[in-house]
Amino acid sequence: MYCVKSLITHVGHRNIKNLMIKPRVIKRNFIKISRSYSSKFAEDEDDTENIVNDICKGDPEKEKKLRVLMLEVEVMRQDGRTAPERMNTSNWKNLLELKSQNQKTSYLSYLWKNEMSKINLKARKDARRRELDEMDEEEVKEYPDDLLYGIKHLSLFLRIRDQSINNFDNYRALQALTYGQSVIIDCSYEEHMVNREILNAAKQLTYVFGDNRLHKEPFNLHLCNVNKEGKFMEQFKKNVPSLEEPWFPLNIHTKSYLDLFPKDKLVYLTPHCREELTYFDHDAVYIIGCMVDKMNNEPHSLAKAKRDGIKMAKLPLDRYLEWAPGSKKNLNINHMIPILLDLKSTGDWDYSLRHIPRRKLMETKIKAMQNKLENSGKMKDIKRYMNLRVSDRSVFLDKRNTSRKSLYDDENI
């Protein structure tokens, strides 16, 4: 039933001598391993059947396609390729909806990286816990009669717990519901995004809520055009479990912003329009589209603003920043909200645009190229050439011209 190699690997080489001498030990360990493998195999089989039943619901064609996909993923695991060990029903459902093989491979690699990061985080926590357990409780004193201050000993200050800080931040966001300037997050682009982009958009919105409530003067955030049954809100609820609590300081609407605010005050911030936002209007209600467009670069926000007949504006990025060639000027919503918060408080564009990722700027590209040249050793030759006198540079030019001569040059015939 099970090979001897697996038995030896599981039991360990230290017990091989005992196994050879005592047949009873072989039988007892073999039965023990058999039961453990059988229970694990039965548990995996039960999980697989539950997943198949939940997704297929009696559809034989869909079940056949899912089982073939499960077999392919298992082959990837056995070959050592990037495929996660555990996948839930939602992961299999999303994988089944993907059409091309490249999308499936990319999604499996994405799940594998998340799984590895969780494993590494758990390993670091366990290592830290063991390190704290091994630490000597008696701390070093400078003098024998010194008092020890800290959480474990006598404390000079009252400890402020994380829950107290969280309540304080929520209270500031609750104040913004009454006195803060309204800003709209348009959540109507879910149909234009694939599953990974939806998850990324929900993650960005989580950062937006956290950054907003930490600010001195937060915005009164409104989520409009929300599909409460969609994948976006499902993932957002996972990121923020207390989202549906009545005290939670966030406005969530299934209605359009046209039904909630005066049309003349609405300004849609889209990078595809021509008008630039020259100053921050404290009476306006700015709209930011909640969309991640890694796969789809069509100007959906521009089309929607034109269709609704409202004002449009874009950030003056070219006026204040030197943009790197090839970099997109579409900013994430977790960059847009901090920019608007600082612009509202200071009115300084140079200070507010510090939230833009440095990788998009020309300065970063030049530094990266300089580091690459310095590491390759070519920068030293360039500096040495530039420091030479004009007459000495002719040596390099003569060598270059000589190397360009052909075997069939007239002078060499």
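User: Where should I start, and why does Asp169 count as buried rather than exposed?

Analyst: Asp169 counts as buried because its relative accessible area is 7%, and the cut-off for buried is under 20%. Please keep in mind throughout that this is a predicted model. Asp169 is found in helix H7, and, leaving aside residues up to four places away in sequence, Asp169 touches Arg213 and Leu214.

User: How many of the residues of the protein count as buried, and how many helices and strands are there?

Analyst: The protein has 413 residues, of which 34% count as buried, and its secondary structure comes to 16 helices and six strands. When contacts between residues at least 6 apart in sequence are considered, 70% of them join residues at least 24 apart.

User: Which residues are buried in a single helix, for instance H10?

Analyst: The general idea is that an α-helix has 3.6 residues a turn, so residues three or four places apart point the same way. In the case of helix H10, which covers residues 300-308, the buried residues are His300, Ser301, Leu302, Lys304, Ala305 and Asp308. These buried residues of H10 pack against three strands, namely E1 (182-186), E4 (266-269) and E6 (311-313). Just after H10 comes Gly309, which takes a positive phi of about 70°.

User: How should I describe two helices that lie against each other, and at what angle do the axes of H6 and H8 cross?

Analyst: In general, two packed helices are described by the angle between their axes and the distance between the axes. Here the axes of H6 and H8 cross at roughly 35° and come within 11 Å. On the H6 side the residues are Ser106, Tyr107 and Tyr110, and they meet Asn195, Arg196 and Leu199 in H8. By class, the residues of this contact divide into three nonpolar, two polar and one charged.

User: Which residues and elements line the largest pocket?

Analyst: A pocket is an open set of points, and its lining residues have an atom within 4 Å of a point. The largest pocket has a volume of about 1,200 Å³, and among the 35 residues that line this pocket, those closest to its centre are Tyr107, Tyr110, Asn114, Asn195 and Leu199. The elements that give two or more residues to the lining are helix H5 (89-97), helix H6 (101-134), H8 and helix H9 (231-239), with H6 giving the most, ten residues. Sorted by class, the lining of the largest pocket has ten nonpolar, 14 polar and eleven charged residues. Domain 1 (47-133) and domain 2 (180-357) each supply at least three residues of this lining.

User: How many cavities are there, and what lines the largest cavity?

Analyst: A cavity differs from a pocket in that a probe fits inside but cannot get out. The structure holds three cavities of 30 Å³ or more, and the largest cavity has a volume of about 40 Å³. The residues that line the largest cavity are Ala173, Leu177, Phe209, Asn212, Arg213, Phe219, Asn220, Leu221 and Pro249; Arg213, one of these, is also touched by Asp169. Helix H7 (162-179), helix H8 (195-214) and strand E2 (220-224) each supply at least two residues of this lining, and the largest share, three residues, comes from H8. By class, the lining of the largest cavity has six nonpolar, two polar and one charged residues.

Conventions: Residues numbered from 1 in each chain as written. Predicted model: local features only at pLDDT ≥ 70, side-chain atom pairs only at ≥ 80, totals over all residues. Heavy atoms only, no water. 1 Å grid on protein atoms, 1.4 Å probe; cavity = no way out; pocket = protein on both sides within 12 Å on 5 of 7 lines; lining within 4 Å. Points joined across faces, edges and corners; volume = space filled by probe spheres on them. Helix = DSSP H or I, 4+ residues; strand = E, 2+ residues; numbered from the N terminus. Nonpolar A, V, L, I, M, F, W, Y, C, P; charged D, E, K, R; others polar. Domains from an automatic or database assignment. Axes fitted to C-alpha atoms, helices over the stretch in contact; angles between N-to-C directions. Contact = heavy atoms within 4.5 Å. Buried < 20%, exposed > 50% of the residue type's maximum accessible area, 1.4 Å probe, protein only.
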